[in-house]
Amino acid sequence: MQSLIFDRAVRKISPLEFATAVCESFYTGLRQAARTDVFPSNCHSNAAVNSLSLEKSDFQFLLSSCADSSIKLWDLKSQDTQENTQNTSLANQTYDNYDYDNPVSTFTNVATIPRRAAHTFGVSCIQWWPFDTGMFVSSSFDHTVKIWDTNELTPVHVFDMDNRVYSFDICGHSTNDMTASALVAVASDQPFLRLLDLRSTSSAHTLHGHKGKTLCVKWHPQDPNLLASGGFDGEVKIWDIRRSKSCLCRLDMLRTSTAELSLTYTNLTQPSVKAHLGPVNGLVWDEAGHTLFTAGNDDKVRVWDMVSTLAPPVNKLINFGPLTRNKYPQTIPLILGPKHESELQYLLFPSDNGDIFIFRTIDGKLVSRLTRKGTKNSGRTSSMVNAGPFTATYYCGTMDGEIISWSPKWDQPNINDIFDVDIQHLDDKSISKAKLLDIEKARLMLTNDPYFK
């Protein structure tokens, strides 16, 4: 670290390179936050936190939706001091004996939409409008997708989907300041996708092709006309909404090279082309849209090269090891770390055993394993969101009503371990005064001492 600081000071590396190198080290040392920058204990009353959404303009306001049909809005830049807690320092404690059940301060709950006040069943997914915080969208198992006015916290329009909604994704593409895509792709308990137009408040398009219910859907990050969907039939389809025959291709786990022409010609004509040997319940694109990551109930995570051939994409055969567990046919969150935050990009995978695995995307190597601490440590992770670029901080909702904060931590050294009280050339008065100084002042005092020159 000292050499990095020196290289930045002498302009050997740029501030961006310095930040990237520091964030690279964060992913091997993520810890559960204990005293501050945490959410209140049991903040969703033992009900599963199905979805989290953090607005991208200021990274300040977080939405959380729950299986008991409630929605909460959190301010991440404001904290409330908790009563009956002691603000003790963590300097003399280790990571394993922090008091995770009694934080000193917690994030402020700005507003709450009570259970059954808007949705009658659990809220399955929630997302901010990508361009500002004035609107957000929620979906529920009560067969509805609702558009909300954030200032009034009231729904301004309701789409009736006639079946349970598992997930949706808002197209966040904007060509200029005056135009923006306003389509919402919805995955529901039917073998097709519905595209909702927020401008005309109507169902604009229906994409048929799956043989069972659709579990997840994601828009392409660069092209507003492309999206990917995963279904209960184990298939992953790539769609172009401009075409009459919208399905461009299906991901084939047997296609591992561009030379397999037979699989190319029969991709859309075969009865079934599997991406996974079980339901596909997780999708995530990289920022450029060149790579797609999928997760299925066969306990596999697969990586697809989307640009080396025209169609269909190629399975890159990256092995993420035997530890991943994914047996529930529910939408799971797959999170990629921001591309320029670290030299290598990382994938966060929530396993059924409650742990979160951090893998390198380039080769699938396990970098870190996040295990919950505290008295409530058995619920698996059901939602995740990144706190912002160059923070390496993640907020994770669990099945037992908690929202856990994971962030990089360093053990704070004790001043007595740094300042040697047996140094002979300092008198007792100087030693007593140095004990009252903070670490930086103590280091400065030692640096200016003639003994060390």
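Let me start with residues 273–306, whose end C-alpha atoms lie 17 Å apart in a span that is 0% helix and 50% strand, where helices (H or I, at least four residues) and strands (E, at least two) are DSSP runs numbered from the N terminus. What we are looking at is a predicted model, in which local features need pLDDT of at least 70 and side-chain atom pairs count only at pLDDT 80 or more, while totals for chains, interfaces and linings use all residues. Residues are numbered from 1 along each chain as its sequence is written, and side-chain values use heavy atoms, with hydrogens and water left out.

The span 273–306 is one of those covered by the UniProt annotation "repeat: WD", from an unreviewed entry, and such annotations may be inferred rather than shown by experiment. Residues 207–242, also under that annotation, have end C-alpha atoms 11 Å apart, with 0% helix and 53% strand.

Turning to the sheet, four strands form an open arrangement in the order 14-15-16-17 with antiparallel pairing, pairing being called when DSSP finds at least two bridges between two strands. Its edges are strand 14 (214–219) and strand 17 (247–250), each pairing on one side only. Strand 14 is joined to strand 15 (residues 226–231) by five bridges, and Lys218 stands opposite Ala228 in strand 15.

Finally, the largest nonpolar core, meaning buried (under 20% relative accessible area, 1.4 Å probe, protein chains only) Ala, Val, Leu, Ile, Met, Phe, Trp, Tyr and Cys residues joined through side-chain atoms within 4.5 Å, has 19 residues, and Tyr27 and Leu30 are among those touching the most other members. Helix 2 (15–26) gives the most to this core, with four residues.

Terms used. Buried means under 20% relative accessible area, exposed over 50%, partly exposed in between (1.4 Å probe, protein chains only).
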